[in-house]
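Please keep the structure open beside this note and find each residue as it comes up. The points are short, and each one stays with a single part of the molecule.

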Amino acid sequence: MWTAVESCARTLFAGYGYQEIRLPLLEHTELYTRAVGEVTDIVEKEMYTFVDRNGDSLSLRPEGTAGCVRAGIEAGAFHNQTQRFWYQGPMFRHERPQKGRYRQFHQLGVEAYGMAGPDIEAEMILLGERLWRALGVKTRLLVNSLGTPACRAAYRQALVDYLARHAADLDDDSRRRLERNPLRILDSKNPALADLLDAAPKLADYWSGEAVAHFQGLTDQLTEAGVAFTVTPRLVRGLDYYTHTVFEWVSDALGAQATVCAGGRYDGLVEELGGAATPAVGFALGLERLVTLVTRWPQTAPLDVFVITGTPTRRKAVALAEALREHGFAVEVYLGPAGVKSQIKRAQSSGARMTLYAQGDEIELDGAGAAGARVAWSEAVLAVVARLRGQREGE
Ligand code: HAM
């Protein structure tokens, strides 16, 4: 299942011009402190951090964006260029394990650099939608804008002023966040805070003309492309690097951990990490969550031939399979202890186009229009190749 989802995504990414980038599992801790933000749950509570033999503080990567930017800067990949990268692999966060939330989980992510307009965001969202369609996954798309850094700073102040006036009504968690990361209070799931947060200042009231135009550009393009979305004013995301657009795909079938894929624009990060100012946008999906939602399994490389055989004919069957592979076909020979009956079941569930019964002096062919035909061992390769090729041409 995992292979099927990964190869479906891989093909799709290539179809939009994304190139794979392989990133290390370990980075200097400081990278995440600077990129993800010192006062985020990830950096404060969730990183697996240790001091190595040189006395350097390293962390297992909690996400891929920071490492991608670090690598891109080091490789000089951002100078007056546009880039589209994708990556996959394990990420590590010391969260409380529960359904859909693991300490080692796996992401597939895309990151695009050097493109400042909302069109790349729209294209990226269309890529996501295409992936959900291919896999038969039902999601809802939520979008919001954090505006420019100046809008965000002004809003932050307004929110702190408002919440400080109502400090007595806040819960412990929110009171703790008030000084350090007030925007995250908007994410609170505590029903007792619902009214208070509903009446809080609205981020959209602090958008500059530029922020409004950018967000309008995206929503217009999504509407034009027929993509359904919900503008979600309280969607702020838990990582500090976002500016302008943020988005998440959620599913009602996932329980409490409802977000299957999330991302947004992070125009300030490349410069923050020492590169030249470079617009950037990306998203990452959680593979564990995605595979539970898939209803249509994409075909992985299908098996052409399954060979049923017994102890006396095994050596010949292995040699026959090698000869078929020379012709480019995928062949599985059964070499375990099971009898013919259960081998037939395996052949059926393998999805092979053809089954060979190779137990006696002759081989019986089944599938690819060959039901019941018998051939001598010496003629088997030609007979099988002819039938498989004939079937392919017939298609
Ligand atoms: P994130 O929202 O932290 O964003 O994670 C993205 C996705 O990874 C989540 O929506 C979820 O599906 C999955 N995920 C996160 N934590 C866990 C966990 N503990 N167990 C299972 N799945 C999990 C980022 O990581 C950003 N780097 C996304 C991004 C890329 N923004 C721009 N570019």
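1. In this predicted model, the buried residues of helix 4 (65–74) pack against several other elements, namely strand 2 (26–28), helix 2 (29–35), strand 5, strand 6 (104–113) and helix 10. The buried residues in question are Thr65, Ala66, Gly67, Cys68, Val69, Ala71 and Gly72. Since seven of the ten residues of helix 4 are buried, this helix is largely enclosed by the rest of the structure. When you follow the chain onward, look at Gly76, which comes just after helix 4 and takes a positive phi of about 65 degrees.

2. A little further along there is another backbone angle to check, this time in a residue other than glycine: the phi of Asn80 is positive, near 45 degrees. Asn80 belongs to the loop between helix 4 and strand 5 (83–92), and with a relative accessible area of 85% it is exposed. Arg237 likewise has a positive phi, of about 70 degrees, although it is not a glycine. Arg237 is found in the loop between strand 8 and strand 9, and is it buried or exposed? Its relative accessible area is 14%, and because buried means under 20%, Arg237 counts as buried.

3. The aromatic residues deserve a careful look, as a search of the whole structure finds 13 aromatic pairs. In one of them, Tyr241 and Tyr266 form a tilted pair, with 5.4 Å from centre to centre and 55 degrees between the planes. This pair links distant parts of the chain, for Tyr241 is in the loop between strand 8 (230–231) and strand 9 (245–250), whereas Tyr266 is in the loop between strand 10 (259–265) and helix 10 (269–272), 25 residues apart. Tyr241 is buried, at a relative accessible area of 7%, and Tyr266 is buried as well, at 1%.

4. A second example is the pair of Phe247 and Phe283, which is edge-to-face, with the centres 6.3 Å apart and 80 degrees between the planes. Because Phe247 lies in strand 9 and Phe283 in strand 11 (residues 280–286), the pair ties together parts that are 36 residues apart in sequence. Phe247 is buried, with a relative accessible area of 0%, and Phe283 is buried too, with 2%.

5. Which residues form one aromatic cluster? They are Phe78, Phe85, Tyr113, Tyr241, Tyr242 and Tyr266, so the two tyrosines of the tilted pair, Tyr241 and Tyr266, are found again in this cluster. A ring can also be paired with a charge, and here the charged end of Arg84 sits over the ring of Tyr18, 6.0 Å from its centre.

6. Tyr18 comes up once more in the largest nonpolar core, which has 93 residues, and in which Tyr18, Tyr113, Leu163, Trp249 and Leu290 are the residues with the most contacts inside the core. The element that gives the most to this core is helix 5 (residues 118–135), with eight residues. There is also a second, separate core of 24 residues, which includes Ala317, Leu320, Ile363 and Val385.

7. How many residues surround the ligand? There are 25, and the closest are Glu63, Glu95, Tyr102, Glu111 and Tyr242. In the case of Glu63, a polar side-chain atom lies 2.6 Å from a nitrogen atom of the ligand. Tyr242, a member of the aromatic cluster described above, also has a polar side-chain atom 2.7 Å from a nitrogen atom of the ligand. Thr259 takes part through its backbone, where a polar atom is 3.0 Å from an oxygen atom of the ligand.

8. The last point concerns Ser251, whose place is in the loop between strand 9 and strand 10. Ser251 counts as buried, at 3% relative accessibility, and its side chain reaches the backbone nitrogen of Ala253 at 3.0 Å. If residues up to four places away in sequence are not counted, Ser251 touches Lys138, Ala258 and Leu293.

Definitions and conventions:
Residues numbered from 1 in each chain as written. Heavy atoms only, no water. Phe/Tyr/Trp six-rings, centres within 6.5 Å; stacked < 30°, edge-to-face > 60°. Helix = DSSP H or I, 4+ residues; strand = E, 2+ residues; numbered from the N terminus. Buried < 20%, exposed > 50% of the residue type's maximum accessible area, 1.4 Å probe, protein only. Lys NZ or Arg CZ within 6 Å of the ring centre and 35° of its normal. Core = buried A, V, L, I, M, F, W, Y, C linked by side-chain atoms within 4.5 Å. Polar contact = N/O pair within 3.5 Å; in protein donor to acceptor, adjacent residues only side chain to side chain. Contact = heavy atoms within 4.5 Å. Near = heavy atom within 4 Å.
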